Amino acid sequence: MALTVAVQMDPIQSIRIAGDTTFGLMLEAQARGHSLYTYTPDRLSMQGRLVTAYAQPVTVQDVEGAHATLGAPERIDLAEVDVVLMRQDPPFDMAYVTATHMLEKVAGRTLVVNDPAEVRNAPEKLFVLDFPELMPPTLISRDRAEIEAFRKEHGTVAMKPLHGHGGAAVFRVTEEDPNFGSMFDLFTATFREQWVVQRFLEKITEGDKRIILVDGEPMGAINRVPAKGDIRSNMVRGGAAGASDLTEREREICATIGPELRRRGLILVGIDVIDGHLTEINVTSPTGIRTIKRLGGPDLAVSVWDAIEVRLSARRSLGA
């Protein structure tokens, strides 16, 4: 089936296509004969029940620097396209939340991936707390007494902003760290919401595994190892990715969370696992599929589009 697909994303001209999951999804959509439009979240508007975007038709090719050819902007009714891919990068702030509310208005007629209401209801570092048995001990708080009691119980901790992304502002705080007071003051002045305080997992030096689940099923993984002298494995922070299979424990984690991901309409999800502990469930704009393919794994863009087309067929058969 030929579909019309609108991709809500950061400016396509500025992406680095070698590792960009959104671009991989666009390449596969185009290969299937789907028509593509792209727009940035600031071109999204709502009037009554009408949700529109000034979007540009786009063709893509896997050539860095010449990867996108854009047409003239058109005002499109998002209820009249088949699929919207909500793929702008975090931060998960009020602008992001507002976009989910707007896209929710068309989600009954257009398949929005991932489901915007569930993206809003499942911020990465909070949704994961639905599965405490899979996690290291974790505290969500900005209360100093609570944090100090947690540190006393668990020793060295990782401290990071609740809605951070890309490894920004992630700190290792030892049990007797003399910098804790200054760090507490810095976080208090910088972040209005609570923070994540988590028992530090020493085996982060062996890697932080990103596992991609498609419609609740694990489909591929990479192991990201921090650069020397850093605790952050994110590739944008210098982490090195290597091919990886899943351990029995990691399959158990996926089997536990998979049904809930499917129920929520979270088709493309990336989870992070360190030493057999689930640390995040990424639903906003998960990445990794291009890297998995580059390292010899499957092309998960194929799996994502297969799942999208199955969902569309099921909706149409029910008259949605």
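**Exercise 1. The loop between β16 and β17**

Does Asp275 count as buried, partly exposed or exposed, and at what relative accessibility? Determine this, and then describe the hairpin around the residue.

*Solution.* The model is a predicted one.

Step 1. The relative accessibility of Asp275 is 42%. Buried means under 20% and exposed means over 50%, with partly exposed in between. Asp275 therefore counts as partly exposed.

Step 2. Asp275 is placed in the loop between β16 and β17. The hairpin of these strands has two residues between them.

Step 3. Phi of Asp275 is near 50°, a positive value in a residue other than glycine.

Step 4. Strand β16 (residues 268-274) runs antiparallel to β17, and five bridges join the two. Within this pairing, Gly270 stands opposite Asn282 in β17.

Step 5. Strand β17 covers residues 277-282, and six of its six residues are buried, so the strand is largely enclosed by the rest of the structure.

**Exercise 2. Backbone features in two other loops**

Identify the backbone feature at Asn114 and at Asp215, and place each residue in its loop.

*Solution.*

Step 1. The peptide bond from Val113 to Asn114 is cis, with omega near -5°. Asn114 belongs to the loop between β8 (111-113) and α3 (116-121).

Step 2. Asp215 has a phi near 50°, which is a positive value in a residue other than glycine. Its loop lies between β13 (208-214) and β14 (217-225).

**Exercise 3. A sheet and the helix packed on it**

Work out the strand order of the sheet that contains β9, β10, β11 and β12, and find which helix packs on it.

*Solution.*

Step 1. The sheet is open, has four strands in the order β9-β12-β10-β11, and pairs in the antiparallel sense.

Step 2. The edge strands are β9 (138-141) and β11 (171-173), each of which pairs on one side only.

Step 3. On average, and with direction ignored, neighbouring strands of this sheet are turned by 25° against each other.

Step 4. Strand β10 (residues 157-161) pairs with strand β12 (residues 195-199) over five bridges, in the antiparallel sense. Pro161 stands opposite Trp195 in β12.

Step 5. The helix that packs on the sheet is α6 (residues 180-190), which touches β10, β11 and β12. The direction of α6 makes about 20° with that of β10.

**Exercise 4. Met183 in helix α6**

Is Met183 buried or exposed, and which residues does Met183 touch?

*Solution.*

Step 1. Met183 lies in helix α6.

Step 2. Its relative accessible area is 11%. Since buried means under 20%, Met183 is buried.

Step 3. Not counting residues up to four places away in sequence, Met183 touches Met159, Phe171 and Val173.

Step 4. A separation along the chain can be set beside one in space: Met183 and Ala6 are 177 residues apart along the chain, and their C-alpha atoms are separated by 42 Å.

**Exercise 5. Aromatic pairs**

Classify the pair of Phe180 and Phe184 and the pair of Phe187 and Phe191, and name the cluster to which these residues belong.

*Solution.*

Step 1. A search of the whole structure gives seven aromatic pairs.

Step 2. The ring centres of Phe180 and Phe184 are 6.2 Å apart, and their planes stand at 50°. Planes under 30 degrees apart count as stacked and those over 60 as edge-to-face. The value of 50° fits neither class, so the pair is tilted.

Step 3. Phe180 and Phe184 both lie in helix α6, four residues apart, about one turn of the helix. Both residues are buried.

Step 4. For Phe187 and Phe191 the distance is 5.2 Å centre to centre, with 70° between the planes, and the pair is edge-to-face. Phe187 and Phe191 are both buried.

Step 5. One aromatic cluster is formed by Phe171, Phe180, Phe184, Phe187, Phe191 and Trp195.

**Exercise 6. The crossing of α1 and α9**

Describe how helix α1 passes helix α9, and state which residues meet.

*Solution.*

Step 1. The axes of α1 (residues 21-31) and α9 (residues 300-317) come within 9 Å and cross at roughly 65°. The crossing is right-handed.

Step 2. Gly24, Leu25, Glu28 and Ala29 in α1 meet Ala301, Val302, Val304 and Trp305 in α9.

Step 3. The residues of this contact divide into six nonpolar, one polar and one charged.

Conventions. Residues numbered from 1 in each chain as written. Predicted model: local features only at pLDDT ≥ 70, side-chain atom pairs only at ≥ 80, totals over all residues. Heavy atoms only, no water. Axes fitted to C-alpha atoms, helices over the stretch in contact; angles between N-to-C directions. Left-handed = near helix turned anticlockwise from the far one by under 90°. Contact = heavy atoms within 4.5 Å. Nonpolar A, V, L, I, M, F, W, Y, C, P; charged D, E, K, R; others polar. Pairing = 2+ DSSP bridges. Phe/Tyr/Trp six-rings, centres within 6.5 Å; stacked < 30°, edge-to-face > 60°. Buried < 20%, exposed > 50% of the residue type's maximum accessible area, 1.4 Å probe, protein only.
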